[in-house]
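Hi,

Here is the structure I promised to pass on to you. Have a look at it first, and then read on for what turned up in it.

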Amino acid sequence: MNIREFVDLKKLEEIMTAWSKATGMATIALDDKGEYISGEIGFTDFCMKYTRGSEEGLKRCVKCDQEGRDTYFCHAGLMDFSKDIVVDGIYLGKIIGGQILPEEPDETKFRQIAQELGIDPDEYVEALAKISVSSEESIRAGADLLGIVVNQMVAAEYYKNKDRSVNEKAAETFDKVASYIHNINAYTKNLDKLEKNQKILALNASIESARAGEAGRGFAIVANKVGSLAADFGACNHQIKDELERLTDAVGEITGYNS
């Protein structure tokens, strides 16, 4: 089950964007294979232009995206989070983000990180100054909130799609049943002909045996048997037709099918 198959990704991005504007945190969504399914929402130049813009920085960022759990510090010293998207116990992907400072940054530390990543330290620190600062408690609460909202949205989309599939399958099955009933009703017309022919055969046999007199006594027994079988066949045929009529009415109420 792939999240792309049933989730409105545009709607998902709208939720993530509204949350990002409210909290000042960045976010992005991934599927169960680790492939990105949303745009980069709320990310700053510090992350996108500089950190991820360097070869070593990008490698470290991707590793954090794939391995990060709950709320944690990324390799560049910012606070990040990762919230799994799970429906019916099935892992469908995750929301990651953060890119925010839990306290005023130590400039010396970030200059050292810039050197490790091959980035101009002055430009890196200048970009760092534009990163929002919030308490660790607020960051965790914001991350939890996004995780809850996204999981509820994905679950709603999943069950809506599941119910639609079940209903479509049921409608398709009932249509087939209605078609089968229509065909069977057509076959019962042949049974009517057979019933009529059997009755005629039994009647003719009785007439011929009466004409033969004593010599036709044995034939009369056979004629009676044929008549008895014709009566039994007729009764069975009528029972089949009655049951088919009830079944046709029942299916018709569900499908609107008219035989």
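Before we start, one term: a contact means that heavy atoms lie within 4.5 Å of each other. Also keep in mind that this is a predicted model.

Let's begin with the overall layout. The protein chain has 7 helices and 4 strands, and along the sequence they follow the pattern α-β-α-α-β-β-β-α-α-α-α. Of its 259 residues, 36% count as buried. The chain exposes about 15,300 Å², and carbon and sulfur atoms supply 53% of that.

Now find strand 4, residues 90-100. It is largely enclosed by the rest of the structure, because 9 of its 11 residues are buried. Which way do its partners run? Strand 1 (residues 26-31) is antiparallel to strand 4, with 6 bridges joining the two; isoleucine 28, for instance, has isoleucine 96 in strand 4 as its bridge partner. Strand 3 (residues 79-87) also pairs with strand 4 in the antiparallel sense, over 8 bridges, and here phenylalanine 81 is matched with glycine 97. Strands 3 and 4 form a hairpin with 2 residues between them. In that turn, aspartate 88 has a positive phi of about 55°.

Next, helix 5, residues 121-128. Its buried residues are Tyr124, Val125, Ala127 and Leu128. Looking down the helix axis, you'd see them fall within an arc of 160°, so they line one face of the helix. What covers them? Helix 2 (45-51) and helix 4 (107-117) are among the elements that do. At the N-terminal end, aspartate 120 acts as a cap for helix 5: one of its side-chain oxygens sits 2.9 Å from the backbone nitrogen of aspartate 122.

Finally, the cores. The largest nonpolar core has 25 residues, and Leu12, Ile95 and Val154 have the most contacts inside it. Helix 1 (9-23), strand 3, strand 4 and helix 6 (136-212) each supply at least two residues of this core, with helix 6 giving the largest share, 8 residues. Try clicking on valine 154: leaving aside residues up to four places away in sequence, it touches Ile3, Phe6, Val7, Ile85, Val87 and Leu92. There is also a second, separate core of 23 residues, which includes Ile28, Leu30, Cys47 and Ala127. You've met two of those names already: Ile28 is the bridge partner of isoleucine 96, and Ala127 is one of the buried residues of helix 5.

Cheers

Key: Residues numbered from 1 in each chain as written. Predicted model: local features only at pLDDT ≥ 70, side-chain atom pairs only at ≥ 80, totals over all residues. Heavy atoms only, no water. Buried < 20%, exposed > 50% of the residue type's maximum accessible area, 1.4 Å probe, protein only. Areas by Shrake-Rupley, 256 points an atom, 1.4 Å probe, with all protein chains shown as cover. Pairing = 2+ DSSP bridges. Arc of directions from axis to C-beta. Polar contact = N/O pair within 3.5 Å; in protein donor to acceptor, adjacent residues only side chain to side chain. Core = buried A, V, L, I, M, F, W, Y, C linked by side-chain atoms within 4.5 Å.
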